[in-house]
Amino acid sequence: MIYIQSSDVEPAEIIEGYISNYPVEYPRFEVLKREPVQVNGRQGEKLVYKNSATNDYLLVGPDYVSSVVVFSKDNKTYIVSSSEVLVDAYYSHVEPAMNVVVGSLRIKGNLMGS
């Protein structure tokens, strides 16, 4: 699944929140990719990460991969995130779907100030 949310928090703070908060609950959290992306003609940032089961200190369990894209428009931050899925499913299904969503996403302008 792909989720789209909005927030008043700056995009960089959201990405940093993932990087600093996830390792608390997911000790094997790892950033796989952090890169700039274009969304709706604006500069955004994409974070691809993997983790394992909650509090999985000793067990060698499966890794789950997910991604989040954040960008701002009209003083609002938009967050596009994917469900966490097994590695193969991420690269074969989720990443291509995220690319389509991010590439086709259009945020309408603020009608009040236009």
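A polar contact is a pair of N or O atoms within 3.5 Å, where, within protein, one must be able to donate a hydrogen and the other to accept it. The structure on display is a predicted model.

**First selection: Glu-45 and Arg-34.** Select Glu-45, which belongs to strand β3, spanning residues 42-51. Display its side chain together with that of Arg-34: the two make a polar contact at 2.4 Å. Next, extend the selection to the residues in contact with Glu-45 beyond four places in sequence; these include Ile-15, Glu-35, Pro-36 and Val-37, as well as Val-68, Val-69 and Val-70.

**Second selection: Thr-77.** Proceed to strand β5, residues 76-82, where Thr-77 is located. Is Thr-77 buried or exposed? Its relative accessible area is 3%, so Thr-77 counts as buried, the limit for that class being under 20%. Show its side chain and trace two polar partners. The backbone oxygen of Val-9 is reached at 2.6 Å, and the side chain of Ser-72 is in polar contact at 3.3 Å. Among the other residues that Thr-77 touches, leaving out those up to four places away in sequence, are Gln-5, Ser-6, Ser-7, Glu-10, Pro-11, Ile-14 and Phe-71. For a distance check, pick the C-alpha atoms of Thr-77 and Gly-44: they are 9.8 Å apart, with these positions 33 residues apart along the chain.

**Third selection: a surface patch.** Finally, select Leu-32, Val-87 and Tyr-91 and switch to a surface representation. Together they form a nonpolar patch with about 230 Å² of accessible area. Within this group, Leu-32 lies in strand β2, residues 30-39, and is partly exposed at a relative accessible area of 33%.

Definitions and conventions
Residues numbered from 1 in each chain as written. Predicted model: local features only at pLDDT ≥ 70, side-chain atom pairs only at ≥ 80, totals over all residues. Heavy atoms only, no water. Helix = DSSP H or I, 4+ residues; strand = E, 2+ residues; numbered from the N terminus. Buried < 20%, exposed > 50% of the residue type's maximum accessible area, 1.4 Å probe, protein only. Contact = heavy atoms within 4.5 Å. Patch = residues over 30% accessible without salt bridge, like charges linked within 9 Å, V, L, I, M, F, W, Y side chains within 5 Å. Areas by Shrake-Rupley, 256 points an atom, 1.4 Å probe, with all protein chains shown as cover. Salt bridge = Lys/Arg side-chain N within 4 Å of Asp/Glu carboxyl O.
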